[in-house]
Amino acid sequence: MKASYLWLGGFLMLLFLLHANPAAAQLKVGHVNTQKILEGFKEAQDARRQFDEINKGWEEEFNNMRREFAQKRDELESQALLLSEEKKREKLLELQNLELRIQQYAQEKWGQNGEGEKKQAEIMQPLSDKIVNAVKKIGEQDRFDYVFDNAANIILYAGPNQVDLTARVLEELNKTVATTKPAGANK
């Protein structure tokens with residue numbers, strides 16, 4: 001619902017700018033697709049792999065905890081007739097605590113405002129800044145009044161004569177990667 005209002009607002013603003021303003025005929029509008037930029041930008045691919053590795057470690061830990069739970073549950077079930085009531089309660093409490101730890105772990109890693117969300121933002125923010133700076137640089141060089149992101153579904157239609165800056169932004173970003181020396185290259 002919020003996204004619908006967002007693109008509708010952007011679309012109405014664009015229509016207003018293009019038709020209500022006498023200087024609208026002179027407005028220069030371009031668009032980019034940040035999703036395509038992220039897919040084609042090597043640093044973004046590296047960042048994605050880095051995040052996937054971190055997430056993979058969390059998944060392994062989570063799966064180990066679940067296996068431990070299943071093993072202890074099976075042990076309790078198989079030994080239930082041999083254990084005293086006190087020992088059964090003790091093992092049942094241990095199982096409940098382990099189940100609670102598993103739920104807490106999942107919430108801490110993948111829940112709202114969890115470590116995964118924070119880590120992804122930490123990894124992606126520098127890339128996002130680079131993309132914005134590249135769009136800004138091209139926008140200033142070519143004197144665009146507005147550059148919209150069509151990956152955010154703000155643009156409903158772009159005619160065949162509209163300027164898609166996606167490839168130029170990607171070229172600009174990859175140019176900085178090619179000129180960036182790896183750490184320790186000057187030694």
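# A tour from the central strand outwards

Begin by selecting strand β1, residues 29-32, together with β3: the two run parallel and are joined by two bridges. The model on display is a predicted one. Within this pair, G30 stands opposite V163 in β3.

Now add β2 to the selection. Four bridges join β2 to β1, and these strands also run parallel. On this side, G30 stands opposite V147 in β2. Taken together, the three strands form an open sheet in the order β2-β1-β3, with parallel pairing. The edge strands are β2, at 146-149, and β3, at 163-164, each of which pairs on one side only.

Show the side chains of β1 next. In a regular strand, side chains alternate between the two faces of the sheet. Here V29 and H31 point one way, G30 and V32 point the other way, and all of them are buried.

**The whole chain**

Zoom out to view the full fold. The chain contains six helices and three strands, and along the sequence they follow the pattern α-β-α-α-α-α-β-β-α. Of its 187 residues, 25% count as buried. Among contacts between residues at least 6 apart in sequence, 80% join residues at least 24 apart.

**The nonpolar cores**

Select V32 again and extend the selection to I37, F41, L165, V169 and L173. These residues have the most contacts inside the largest nonpolar core, which has 17 residues. The elements giving two or more residues to this core are α3, α5 and α6, the last covering 166-179. The largest share, six residues, comes from α5.

Which residues are in contact with V169, leaving aside its neighbours within four places in sequence? They are V32, I37, I131, A134, V135 and I138.

A second, separate core of ten residues can be picked out next; W58, F62, M65 and F69 are among its members.

**Helix α4**

Move to helix α4, residues 85-110. At 1.5 Å a residue, its 26 residues should span 38 Å, and the end C-alpha atoms are 37 Å apart, so the expected and modelled spans agree. Colour L95, L98, I102, Y105 and K109 to see the buried residues of this helix. What covers them includes α3, at 42-79, and α5, at 115-141.

Centre the view on K109, which lies in α4. Is this lysine buried or exposed? K109 counts as buried because its relative accessibility is 10%, under the 20% cut-off. Leaving aside neighbours within four places in sequence, K109 is in contact with W58, G114, E115, G116 and E117. W58 also belongs to the second core visited above.

**A pocket to finish**

For the last stop, display the second largest pocket, which has a volume of about 160 Å³. Select Q35, L38, E39, A44, Q45, A47, R48, F51, Q120, I123 and M124 to show its lining. Helices α2 (34-40), α3 and α5 each supply at least two residues of that lining. Which helix gives the most to the lining of this pocket? The answer is α3, with five residues.

Terms used: Residues are numbered from 1 along each chain as its sequence is written. This is a predicted model: local features need pLDDT of at least 70, side-chain atom pairs count only at pLDDT 80 or more; totals for chains, interfaces and linings use all residues. Side-chain values use heavy atoms; hydrogens and water are left out. The expected span of a helix is 1.5 Å times one less than its number of residues. Buried means under 20% relative accessible area, exposed over 50%, partly exposed in between (1.4 Å probe, protein chains only). Contact means heavy atoms within 4.5 Å. Two strands pair if DSSP finds at least two bridges between them. A nonpolar core is a set of buried Ala, Val, Leu, Ile, Met, Phe, Trp, Tyr and Cys residues joined through side-chain atoms within 4.5 Å. On a 1 Å grid over the protein atoms alone, a cavity is a set of points where a 1.4 Å probe fits but cannot get out, and a pocket is an open set with protein on both sides within 12 Å along at least five of seven lines; lining residues have an atom within 4 Å of a point. Grid points are joined across faces, edges and corners, and a volume is the space filled by probe spheres set on the points.
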